Amino acid sequence: MTGNHQTLALLLFIAVVAVTLAITTWVSRGRRGSPEEFYAGGRLFSPLENGFAIAGDYMSAASFLGISGLIALFGYDGMLYSVGFLVAWLVVLLLVAELVRNCGRFTLADVLAARLRERPVRIAAGSSSVVVCVLYLVAQMVGAGSLVALLLGGDSGPARAWTVVGVGALMIVYVSLGGMRATTWIQIVKAVLLMAGAGLLTVLVLLRFHGDPGALLSTAAERSGHGRSFLAPGLKYGGDWVARLDFISLGLALVLGTAGLPHILSRFYTVPTARAARHSVVWAIGLIGGFYLMTIVLGFGAAAIVGSDAVRATGPAGNTAVPLLALDLGGGADSTGGTVLFAVVAAIAFATILAVVAGLTLSSSAAVAHDLYATLGRRGRRTPAGEVAVARVAAAGVGVVAIGLGLLARDLNVAFLVGLAFAVAASANLPVLLYTLFWRRFTTRGAVWAVYGGLLPAVALMVFSPVVSGAPEALFPGVDFHLFPLQNPGLVSIPLGFLAGWLGTVTSPEPADAARHAETEVRALTGAGAA
């Protein structure tokens, strides 16, 4: 790209940052001293607004950049992410949305503490929530680095590094100043921009092939270098038994993980009632479903128009497929139209990243302040204002950790990184949530064992997997200490989480509190006594 074209794209990036900071400044003038205002935006959002915010929170860089890139590189097998991310919302709608809204206040741990001993379950759930959010944050950092490196030409290491640092600084500012209210409005604006941008690219791709999906798929297969196998299962996950098990493991993580994501669960507390929470999910499913259909067109469009080899040449993970597609659809790298479309798409993707990191940072800081600090701190010195102050400090700490890990994992596919976060959420958070809501005999020991029994194996298997060492694309390609053959730990760690919760309950010396379970059940189903 020429210097003038780079300047245009950078100006659009700056405009996105300016708009989001303006939203944060505008919102921060209102009430922000109470935990309810900081964590839940005063519970004043409508189902439509919250539905757009949920979609904005969920449609991350992994969706826009990573999934389309995987489809461009691996065809049919890359579509697993689109299908898994969408189907997961049926679990959320049918099993957790209304019940979580009725039982909790701000975090996952509130639901558990409604019927179990507060201190141990808050420590366990708070720790798990922070791990999941940090893993998810790393994916957004990697996506931001890939975008700016492409914008500045080639693999610009310093540009990637400074982009990761800049995104980390911005997310700290968003959360510290604006809380949930600012985060929500940033996510709503981002959702509108993303749907509009993806819709425009989808129309342009279909017009290029005269509205014929068959011609699109045939051309994608030809230019992929794999022929018809590009359109059939097995290109990425159809080799040996390890690849097939990885496919199953990833599918489990994607479908079950959404219901355990802390930043998604916290969105149900921003509406006044459980009915509103359910309607929010319905709106979100419609938006998310339409978006993931478009990512399929964009992925195959990138393979057909740009070519899989060209996508791979700018980054082996495929994160640059959509920006390259926009460049070509607009007329090519040397045309003003191509550069404008590329810059617009890159700016939308950057807005996507900023919105998602804001939600993740807020959720992780809430877990630190509301669950860990409120439990471990001195009782006499804890105040609502002090808790909010701790949450702001925690946002800075989480930002620093995410920046460090983002710099380390910069060559991994963002959708793949999110798959790891989903695996941890499905292993540690989902079992304890479902047991708490639906199992009458569930005990505090069962809850603690379920969280750690899913969290620790998931993290350990990740550390000793080919993702970290022993493979050319690993975090540490020069060493090999991997012992676990699968890249995604979900196939092993998710059953372990459910098993640990059951085992902890049946071996618990204390019986389940029947009265508290009955109270929680009534509250979950009717909303009586809900915050």
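In the predicted model, Cys133 is buried, with a relative accessible area of 0%, and Cys103, at a relative accessibility of 1%, likewise counts as buried because its value falls under the 20% limit. A search of the whole structure nevertheless returns zero disulfides, that is, no pair of cysteine sulfur atoms lies within 2.5 Å.

The largest nonpolar core comprises 163 residues, and the residues with the most contacts inside this core are Tyr58, Phe64, Tyr81, Phe85, Phe268 and Phe422. Helix 15, spanning residues 336-376, supplies the largest share of the core, with 19 residues. When residues up to four places away in sequence are set aside, Phe268 touches Ile54, Val92, Ala97, Val100, Arg101, Ala277 and Val281.

Helix 15 also packs against helix 16, which covers residues 384-408, and the two axes come within 8 Å and cross at roughly 130°. Because this angle falls in neither the parallel, the antiparallel nor the perpendicular range, helix 15 and helix 16 are oblique to each other, and their crossing is right-handed. The contacts between the two helices involve Thr361, Ser364, Ser365, Val368, Ala369, His370, Tyr373 and Ala374 on helix 15, which meet Gly386, Glu387, Val390, Ala391, Ala394, Ala395 and Val398 on helix 16.

Ser127 is located in helix 7, which runs over residues 118-152, and with a relative accessibility of 24% this serine counts as partly exposed. Although Ser127 and Val451 stand 324 residues apart along the chain, their C-alpha atoms are separated by 9.2 Å.

Key. Residues numbered from 1 in each chain as written. Predicted model: local features only at pLDDT ≥ 70, side-chain atom pairs only at ≥ 80, totals over all residues. Heavy atoms only, no water. Buried < 20%, exposed > 50% of the residue type's maximum accessible area, 1.4 Å probe, protein only. Core = buried A, V, L, I, M, F, W, Y, C linked by side-chain atoms within 4.5 Å. Helix = DSSP H or I, 4+ residues; strand = E, 2+ residues; numbered from the N terminus. Contact = heavy atoms within 4.5 Å. Axes fitted to C-alpha atoms, helices over the stretch in contact; angles between N-to-C directions. Parallel < 35°, antiparallel > 145°, perpendicular 65-115°, else oblique. Left-handed = near helix turned anticlockwise from the far one by under 90°.
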